[in-house]
Amino acid sequence: MRNPQNDTAGLTRSAKDEGAAGDPKLPVRTCVLTRTPGTRDSLIRLALGPDGQVAPDVRARAPGRGAWVGVGRTALDAANAKGKLKGALSRAFKTGDLDIPADLGERIEAALRQAALDRLGLEARGGTLLSGADKVETAARAGRVKLLIHAEDAGLDGRKRLDAAWRVGGGEPQGLVFPATRPILSMALGRENVVHIALTDSAAATRVLHAITRWCAFIDLPAGLDGRDAVAGLGSADEHDEGNT
């Protein structure tokens with residue numbers, strides 16, 4: 001799975017300073033396909049059900065046995081189609097009695113997408129998220145915005161105006177483009193016509209970036225404006241969780 005490497009925000013630098021990327025305290029897992037080690041947050045867990053069904057467990061909370069993958073969707077779909085994934089999971093689960101859906105990659109993508117949307121909704125209800133161009137612009141110019149996000153179908157002029165406001169307030173050169181349209185964002189936040197979003201809390205921004213980066217990494221899509229990566233080195237989302245999971 002692709003690991004974006006651009007350092008695009010001060011909150012990312014602080015996460016790196018905490019040593020999150022190489023923290024020996026973080027549990028390490030191994031991708032069953034590539035044998036590459038990684039943290040729980042950089043890999044995706046697959047859970048084995050009592051009926052032998054293999055299902056995505058992107059929050060790593062399902063009971064029972066699990067195995068981890070660290071490749072993007074293209075590689076996962078290819079391994080699944082060729083039987084390599086079943087072989088790897090059979091060794092990991094120590095059983096050949098597995099039911100691996102042909103659309104497993106699609107299910108993982110949908111689960112990661114929903115996790116990102118759920119994260120935004122939780123932050124909205126927690127009071128750490130602003131929406132509405134005027135509110136976002138005011139907060140950005142005042143230096144209160146830790147992360148700026150635009151809907152996929154946001155107008156270029158509107159994006160540029162808010163990006164400029166963020167720079168004035170000491171933010172990054174440009175916000176991130178969320179790979180979903182305004183109706184989807186509006187539904188996730190329970191608000192009307194959500195086009196631009198601002199996170200005003202550093203920990204909340206880290207949680208949101210973490211969810212977006214995992215999703216975009218799996219679908220091999222740079223999580224940023226004009227192909228710009230979102231953020232790497234965010235550390236474990238658990239380090240920044242305040243009960244909103």
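Is Arg73 buried, exposed or partly exposed, and what is its relative accessible area? Arg73 is partly exposed, at a relative accessible area of 24%. The classes are set by relative accessible area: buried is under 20%, exposed is over 50%, and partly exposed lies in between, with a 1.4 Å probe and protein chains only.

## Basis of the model

This is a predicted model in which local features need pLDDT of at least 70 and side-chain atom pairs count only at pLDDT 80 or more, while totals for chains, interfaces and linings use all residues. Residues are numbered from 1 along each chain as its sequence is written, and side-chain values use heavy atoms, with hydrogens and water left out.

## Overall composition

The protein chain has eight helices and nine strands. These elements are DSSP runs numbered from the N terminus, helices being H or I with at least four residues and strands being E with at least two. Of the chain's 245 residues, 47% count as buried. The exposed surface of the protein chain is about 11200 Å², of which carbon and sulfur atoms supply 49%; accessible areas come from the Shrake-Rupley method with a 1.4 Å probe, and for residues only the protein chains shown count as cover.

Contacts (heavy atoms within 4.5 Å) were also sorted by sequence separation. Among those between residues at least 6 apart in sequence, 72% join residues at least 24 apart.

## The three-stranded sheet

One open sheet has three strands in the order 4-3-5, with antiparallel pairing. Strand 4 and strand 5 stand at the edges with a single partner strand each, so one side of each has no neighbour in the sheet. Neighbouring strands are turned by 35° against each other on average, direction ignored. Two strands count as paired if DSSP finds at least two bridges between them. Axes are lines fitted to C-alpha atoms, for helices over the stretch in contact, and angles run from 0 to 180 degrees between N-to-C directions.

Strand 3 (residues 44–48) has five of its five residues buried. Ile44, Leu46 and Leu48 are on one side, Arg45 and Ala47 on the other, and both faces are covered. Four bridges join strand 3 to strand 5 (residues 66–69) in the antiparallel sense; here Leu46 stands opposite Ala67 and Ala47 opposite Gly66. Strand 3 also pairs with strand 4 (residues 54–57) over four antiparallel bridges, with Ala47 opposite Ala55. The hairpin of strand 3 and strand 4 has five residues between the strands, and Gly52 in this hairpin takes a positive phi near 85°. Helix 3 (residues 84–93) lies across strand 3, strand 4 and strand 5, at about 140° to strand 5.

## The four-stranded sheet

A second open sheet, of four strands, has the order 6-9-7-8 and mixed pairing. Its edge strands are strand 6 (129–131) and strand 8 (176–178), each pairing on one side only. The twist averages 30° from one strand to the next.

Strand 7 (residues 147–151) and strand 8 run parallel and are joined by three bridges, and Ile149 stands opposite Leu176 in strand 8. Helix 6 (residues 156–168) packs on this sheet, touching strand 7, strand 8 and strand 9 (196–199), and its direction makes about 180° with that of strand 7.

## Salt bridges

A search of the whole structure finds ten salt bridges, each defined as a side-chain nitrogen of Lys or Arg within 4 Å of a carboxyl oxygen of Asp or Glu. One of them joins Asp103 and Arg107 at 2.9 Å, N to O. Asp103 is partly exposed at 31% relative accessible area, and Arg107 is partly exposed at 36%.

Asp153 and Arg182 form another, at 3.4 Å, N to O. Asp153 lies in the loop between strand 7 and helix 6 and Arg182 in helix 7 (residues 182–189), so this pair ties together parts 29 residues apart in sequence. Asp153 has a relative accessible area of 31% and Arg182 one of 26%; Asp153 is partly exposed, and Arg182 is partly exposed. Elsewhere, salt bridges that share partners join Arg73, Asp77 and Glu109 into one network. Within this network, the closest N and O atoms of Asp77 and Arg73 are 3.0 Å apart. Both residues lie in helix 2 (residues 73–82), four residues apart, about one turn of the helix. Asp77 is partly exposed, at 27% relative accessibility.
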